[in-house]
Amino acid sequence: MMKAAITGVHGYVPDYVLTNAELERMVDTNDEWITSRTGIKERHILKGEGKGSSHMGAEAVRGLLAKTNNAPEEIDLLICATVTPDYVFPATANLICDMVGIRNVGSFDIQAACSGFLYALTVGTQFIESGKYKKVIVVGADKMSAITDYTDRTTCVLFGDGAGAVLLEAAEEGFGIIDSIIRSDGVGQYHLFQKAGGSRYPPSHETVEKRWHYVYQDGPSVFKFAVKNMADVSAEIMQRNGLEGDNVAWLVPHQANKRIIDATANRMGIGSDKVMLNIHKYGNTTAATIPLCLFDYESQLKKGDNLVLAAFGGGFTWGAVYVRWAY
Ligand code: UT7
């Protein structure tokens with residue numbers, strides 16, 4: 001069967017850097033706590049009136065088109081994973097296409113919280129495998145600062161803003177996206193969510209006063225599920241593809257907490273030198289963490305490298321994707 005390959009990657013983070021030192025001046029926290037509990041040192045924040053996730057997604061897509069020598073007219077489909085869409089509707093994917101000049105093709109959003117990029121990658125892959133499309137762009141973009149409560153020390157230290165994008169095309173035999181697992185369980189819905197702003201609790205004075213438009217997270221509950229499920233799903237995709245720690249070149253984990261990443265790597269039998277890590281620079285950028293990792297480590301990747309991408313997030317949602325790097 002024809003497979004899809006990632007044939008290019010690009011990332012974007014906004015200029016403003018929010019350091020642990022600045023957070024110490026905003027809430028009762030300290031660099032030692034944040035660093036030891038999460039691994040985060042700083043995160044980037046998108047400033048500027050009227051700029052949403054599409055702004056960062058468009059920057060990533062523009063860079064991707066330029067470096068892969070593709071004109072906007074050559075793209076057949078664009079999918080954007082985000083939990084912080086510019087609007088409830090239209091989709092952020094529509095806006096990104098408009099900003100970069102991709103016209104008259106399908107574009108839509110996928111919402112699977114921190115697993116969004118793996119979900120969108122899995123969906124995008126199907127259009128290449130079926131032969132329907134030749135060039136599909138998958139974007140992960142989140143402006144988490146838009147839904148972060150900077151008076152809540154349990155969440156405001158965690159999140160950052162950013163975007164990453166990959167191009168999918170038909171793979172050469174033996175390369176590309178070989179396997180994918182996506183899962184969800186609504187048992188997690190109250191542990192990690194933005195309560196208001198959707199149809200269940202539309203915006204009102206009351207929802208604003210109760211701070212229901214911000215991310216709520218019961219950290220320790222999410223932590224327990226994350227450690228178990230990210231490790232389980234990574235082990236499962238390795239096992240069913242005959243992979244062992246030794247022949248995995250890179251673990252590409254969602255960047256929510258360095259301790260969750262370490263636990264996953266441990267379970268997979270992968271040394272820390274083979275784990276992509278940029279949480280110290282960006283924090284948790286939700287749908288953007290995995291493409292931003294691929295972007296930061298792109299120069300170290302070699303054709304034929306076995307990569308295991310893994311994520312866990314709100315929903316709960318989780319998943320793993322096995323990629324044989326194609327360039
Ligand atoms: O990406 C989507 C999925 N999300 C995740 O995977 C996140 C999963 N959860 C986590 O990563 C961790 O649970 C957190 C990093 C959010 C929290 O770490 P923790 O080790 O679970 O800490 P905790 O919530 O149990 O809090 C420990 C203590 C508490 O104080 P007491 O009750 O022991 O006195 C908190 O109030 O740390 C306190 N605390 C803080 N102290 C300083 C909580 N936040 C902070 C803070 N600075 N920012």
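The following passage describes the surroundings of the ligand in a predicted model. Local features in this model need pLDDT of at least 70, side-chain atom pairs count only at pLDDT 80 or more, and totals for chains, interfaces and linings use all residues. Residues are numbered from 1 along each chain as its sequence is written, and side-chain values use heavy atoms, with hydrogens and water left out.

The ligand is surrounded by 24 residues, a residue being counted as near when one of its heavy atoms lies within 4 Å; T29, R37, R153, N257 and N284 come nearest. By type, the residues of this shell divide into 11 nonpolar, nine polar and four charged, where Ala, Val, Leu, Ile, Met, Phe, Trp, Tyr, Cys and Pro count as nonpolar, Asp, Glu, Lys and Arg as charged, and the others, Gly among them, as polar.

Because domain 1 (4-175) and domain 2 (178-324) both give residues to the shell, the ligand lies between them; the domain bounds come from an automatic or database domain assignment. Helix 8 (219-240) is among the elements that supply at least two residues of the shell, and its four residues form the largest share, helices being DSSP runs of H or I with at least four residues, numbered from the N terminus.

Polar contacts (pairs of N or O atoms within 3.5 Å) link side chains to the ligand. A polar side-chain atom of R37 lies 2.8 Å from a ligand oxygen atom, while for H254 the distance from a side-chain N or O atom to an oxygen atom of the ligand is 2.9 Å, and for a polar side-chain atom of R259 it is 2.9 Å.

Definitions and conventions:
A polar contact is a pair of N or O atoms within 3.5 Å; within protein, one must be able to donate a hydrogen and the other to accept it, and residues adjacent in sequence count only if both atoms are side-chain atoms.
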